[in-house]
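Hi,

Here is the structure I said I would pass on. Have a look at it first, and my notes follow below.

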Amino acid sequence: MNAPLPFRPPGEPVPDWPAPDLYGPVQQPLSGAVELAAERGPVVYIPGAHGGFVAVRREDLPTIHAPVPAPAPVRSGVDPHAQRLAAKGVLSAGAGVGAYFAAGAAAIVVDSLVQVLIAAGVAVGVAVAAPGRRRGGDTFVTHHHVSNRWFGRSHTHIRNR
């Protein structure tokens, strides 16, 4: 319901506004007599002389056959949508092959780097472990000689060279 209810002072009872009044006066049409659609047949509204629309029965209208328009010319060549779709497929295939080759090149670079690091680690290990490179003090060798005897007696001799 789009129309607002009329103003009523507070305390006054509100009538049941949306319910129709079955025994009240019947509203008459704004212009002309009531005419049933079954009596007059199908009606078409056409613009009138004074800016309004006039109801005219369909059988009273003149029948003029409108000329059939010529069909639209068909373009020759490949469909542009099909061209774009094929270009997207070629682009995605090229991107996939490029990513494959880039991953292979990255694997080669990482493998070479790992091999260089391993070779450097081995060279450092060999240089540290070389005996002729040490320049320090004397080296002492300690021998512990334990000789066990009868009844749990043991003798220990320590010699340094």
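I'll start with the stretch at residues 85-107: the chain there is 100% helix and 0% strand, with its end C-alpha atoms 33 Å apart. Keep in mind as you read that this is a predicted model. I picked that stretch because of the record: an unreviewed UniProt entry lists residues 85-107 and 113-130 under "transmembrane region", and such annotations may be inferred rather than shown by experiment. The second of the two, residues 113-130, comes out at 94% helix and 0% strand, and 26 Å separates its end C-alpha atoms.

Next, the nonpolar surface. Val110, Val114, Ile118, Val122 and Val126 make a nonpolar patch of about 450 Å². One of them, Val110, sits in helix H2, which runs over residues 80-129.

As for the whole fold, the protein chain has 2 helices and 4 strands, and going along the sequence you meet them as α-β-β-α-β-β. Contacts are worth a glance too: taking those between residues at least 6 apart in sequence, 0% join residues at least 24 apart. Burial is at 1% of the 161 residues in the protein chain. The exposed surface is about 15,600 Å², and carbon and sulfur atoms supply 64% of that.

Now the hairpin. Strands S1 (residues 43-47) and S2 (residues 53-57) pair in the antiparallel sense, over 5 bridges. Across the pair, Ile46 in the hairpin faces Val54 of S2. There are 5 residues between the two strands, and Gly51 takes a positive phi near 95° in this hairpin.

One residue in the other part of the chain caught my eye: Ser147, which belongs to strand S3 (residues 142-148). Is Ser147 buried or exposed? Ser147 counts as buried because its relative accessibility is 18%, and the cut-off for buried is under 20%. Leaving aside residues up to four places away in sequence, Ser147 touches Arg153, Ser154 and His155.

If you want places to begin in the viewer, I'd suggest these:

- the patch that includes Val114 and Ile118
- the S1 and S2 hairpin, with Gly51
- Ser147 and the residues it touches, among them His155

Cheers

How values were computed:
Residues numbered from 1 in each chain as written. Predicted model: local features only at pLDDT ≥ 70, side-chain atom pairs only at ≥ 80, totals over all residues. Heavy atoms only, no water. Patch = residues over 30% accessible without salt bridge, like charges linked within 9 Å, V, L, I, M, F, W, Y side chains within 5 Å. Areas by Shrake-Rupley, 256 points an atom, 1.4 Å probe, with all protein chains shown as cover. Salt bridge = Lys/Arg side-chain N within 4 Å of Asp/Glu carboxyl O. Pairing = 2+ DSSP bridges. Buried < 20%, exposed > 50% of the residue type's maximum accessible area, 1.4 Å probe, protein only. Contact = heavy atoms within 4.5 Å.
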